[in-house]
Amino acid sequence: MDERVKDIEQVADLIRGIRVAMLTTVDGDGELRSRPMATQEVDFDGTLWFFTEAGSEKAAELERDARVNVAYADEGRARYVSLSGAARLVHDR
């Protein structure tokens with residue numbers, strides 16, 4: 001099995017059942033901003049999906065700077081996951 005596929009499966013297992021993640025973006029002044037977001041329940045292929053309003057502050061922040069961090073925590077199962085990457089806004093109804 002490809003190493004990337006193994007990594008994706010491991011992340012999928014770790015975040016399964018954790019509904020809310022903290023999404024961290026970079027604001028216009030370069031400051032980090034975190035807010036809770038509900039992860040959409042789809043088959044995980046390495047891409048996380050979140051819904052937000054097109055005119056929201058976080059959407060504007062992502063347009064300026066795509067760098068993000070998404071953190072999951074499940075204290076009861078002692079699972080903590082922090083993922084860094086680039087976000088992309090998708091306007092598809």
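In this predicted model, Ala-71 finds its bridge partner in β4, where Ser-82 takes that role. The pairing around these residues joins β4 to strand β3, which spans residues 67–74; the two strands run antiparallel to each other and are linked by eight bridges.

Stepping back to the whole sheet, four strands are arranged in the order β2-β1-β3-β4, and the sheet they form is open, with antiparallel pairing. The edge positions belong to β2 (32–38) and β4 (79–86); each has a single partner strand, so one side of each is left without a neighbour in the sheet. On average, neighbouring strands here are turned by 20 degrees against each other, direction ignored. As a friendly reminder, the strands of a sheet pair through backbone hydrogen bonds, either parallel or antiparallel.

Two helices lie across this sheet. Helix α1, covering residues 3–15, lies across β3 and β4 and runs at about 130 degrees to β4. Helix α2, covering residues 57–64, lies across β1 (20–26), β2 and β3, and its direction makes an angle of about 120 degrees with β2.

The loop between β2 and α2 is also worth a look, for it is where Trp-49 is found. Is this residue buried, exposed or partly exposed? Its relative accessibility is 38%, and Trp-49 therefore counts as partly exposed, since that class lies between the 20% limit for buried and the 50% limit for exposed residues. Together with Val-42 and Val-90, Trp-49 forms a nonpolar patch on the surface, and the accessible area of these three residues together is about 260 Å².

Notes
Residues numbered from 1 in each chain as written. Predicted model: local features only at pLDDT ≥ 70, side-chain atom pairs only at ≥ 80, totals over all residues. Heavy atoms only, no water. Pairing = 2+ DSSP bridges. Axes fitted to C-alpha atoms, helices over the stretch in contact; angles between N-to-C directions. Contact = heavy atoms within 4.5 Å. Patch = residues over 30% accessible without salt bridge, like charges linked within 9 Å, V, L, I, M, F, W, Y side chains within 5 Å. Areas by Shrake-Rupley, 256 points an atom, 1.4 Å probe, with all protein chains shown as cover. Salt bridge = Lys/Arg side-chain N within 4 Å of Asp/Glu carboxyl O. Buried < 20%, exposed > 50% of the residue type's maximum accessible area, 1.4 Å probe, protein only.
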